[in-house]
Amino acid sequence: MAVKHGGNLQEISEIYQIEKQDLIDFSANINPLGIPERIKQAINQGLEGLIHYPDSRYRLLKQAIADFHQLTPECVYASNGAAEAIFMLGRVLKVKKLLLLAPTFMEYEAAFQQQATEFCYFDLETRNFQWRVSEFISFAIAEEATGICLCNPNNPTGQMLNQTELDELLTFCQDRGLVLIVDEAFADFSGKEDSLIPKVTKYANLFVLRSLTKMFAIPGLRLGYLLTSNVEILDQIEQVTVPWHINTFADLAGQQALKEQSFIEESQHYIEKERSFLIGELARFSDNIIVYPSQTNFLFFRYLGEDCLQEKLIYKGILIRNCTSFKGLSQNYYRIAVKKRNQNQALVNALEEVLCGK
Ligand SMILES: Cc1ncc(COP(=O)(O)O)c(C=O)c1O
């Protein structure tokens, strides 16, 4: 059953007539450590403030984001989830031909369809999900792309370009006048510093997206941001933004989130440990599944069977992401979030029952 996004518990529970609380959700990539206590407190305190409008310019939030990345607030567009920033870029940025990975997060295409943008796709499956940036650049030249939107780490494959590769890509884009959008929504789980954010002030054609949804387990709150030194584009975005697009709770939670360095580090260690656990356990099913290397909080794998593994696991109380709806995949692929040990173990047990008949 192909749904557009992971985390769609309501829809799945209706289709399969299973109570939501009876499903462990591996289909959305949310930090298993949950919402940090101080963010919950900030949200609770926000209740009193609801009788006022939020600051329409979000000065404290922008300052907190800017401080976190050692930038100035003029480079920050705070958004209602990273999704809003993606759609704002799609609305104001003129890109004749946009190069995307295939598969990748689907909303880039949806966002840029608002204009007459053409798309070209760098196919990952035919490269067995291993590729070099030089190849990607040659493809961009051959396709005469005028913009690139890179998801780094890529959703759903979990792979990430390193700093040298990112720099090479940025230099290429600058030399040839291409727009470069990099979505770093999952970068903070990698435990690596590799990022194009420090280059934002130097290159006006660079747009970097971040999300607070995943790391701070707040998908229901909606908070993300865009970083760029392109003031012209930022002005255009501000002009079409709905006033008070970020609510008071998200405003306060965001200010607190960016002070949670030790929580971020704890989460990175936790994810690394549990990802290794899962990779080790999934290796037992190598006759049935091929797991690809990941540098973030989810794993992407190919199922060699013909049937629907997602459906079989739903009946065992486990919801995984069926990747059928992603462009560019011809086989049976799935994505699973890295969760808590007991949940990861439950997934492994369910797979054992389904794949080995135990
Ligand atoms: C790669 C990527 N970017 C952005 C988003 C949107 O994030 P947000 O919840 O902050 O809007 C998602 C959501 O799944 C995503 O996978």
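**Domain arrangement, ligand surroundings and local backbone features**

In the domain assignment, the chain is divided into domain 1, which comprises residues 9-31 together with residues 262-356, and domain 2, which spans residues 37-259. Domain 1 is therefore described by two segments of the chain, whereas domain 2 is given as one continuous range, according to an assignment whose bounds come from an automatic or database source. The model examined here is predicted, and the values reported below were computed from its atoms. A distance of 26 Å separates the C-alpha centres of the two domains, domain 1 and domain 2. To the contact between them, domain 1 contributes 27 residues and domain 2 contributes 32 residues.

The area buried between domain 1 and domain 2 amounts to about 2,500 Å², of which 61% falls on carbon and sulfur atoms. Polar interactions are also present across this boundary, with 12 residue pairs in polar contact, both members of each pair being at pLDDT 80 or more. On the side of domain 1 that touches domain 2, at least two residues are supplied by each of helix α10 (261-282), strand β10 (298-303) and strand β13 (333-337). Of these elements, α10 provides the largest share, with 5 residues. When the residues on this side of domain 1 are sorted by class, 12 are nonpolar, 12 are polar and 3 are charged. Between the two domains, 1 salt bridge is counted, and a salt bridge is formed by the side chains of Lys327 and Glu109, with an N to O distance of 3.1 Å.

For the structure as a whole, the number of salt bridges is 15. One of the salt bridges in the model joins Lys97 to Glu143, whose closest N and O atoms lie 3.1 Å apart. This pair connects distant parts of the chain, since Lys97 belongs to strand β3 (residues 97-102) and Glu143 to helix α6 (residues 133-143), with the two positions 46 residues apart in numbering.

The ligand is surrounded by 15 residues, and the closest of these are Asn155, Asp183, Ser211, Lys214 and Arg222. Among these closest residues, the side chain of Asn155 places an N or O atom 2.8 Å from an oxygen atom of the ligand. For Ser211, the corresponding distance from a side-chain N or O atom to an oxygen atom of the ligand is 2.6 Å, and a distance of 2.6 Å is likewise found between a ligand oxygen atom and an N or O atom in the side chain of Lys214.

Several local backbone features were also noted. Most peptide bonds are trans, and most residues other than glycine have a negative phi. Against this background, the peptide bond from Ala102 to Pro103 is cis, with omega near 5°, and Pro103 is located in the loop between β3 and α5 (107-112). A cis peptide bond also joins Asn152 to Pro153, where omega is about 0°; Pro153 is placed in the loop that runs between β5 (147-151) and α7 (163-176). Gln17, although not a glycine, adopts a positive phi of about 55°, and this residue lies in the loop between α1 (9-16) and β1 (24-25).

How values were computed
Residues numbered from 1 in each chain as written. Predicted model: local features only at pLDDT ≥ 70, side-chain atom pairs only at ≥ 80, totals over all residues. Heavy atoms only, no water. Contact = heavy atoms within 4.5 Å. Buried area = accessible area lost by both parts, 1.4 Å probe. Salt bridge = Lys/Arg side-chain N within 4 Å of Asp/Glu carboxyl O. Polar contact = N/O pair within 3.5 Å; in protein donor to acceptor, adjacent residues only side chain to side chain. Helix = DSSP H or I, 4+ residues; strand = E, 2+ residues; numbered from the N terminus. Nonpolar A, V, L, I, M, F, W, Y, C, P; charged D, E, K, R; others polar. Near = heavy atom within 4 Å.
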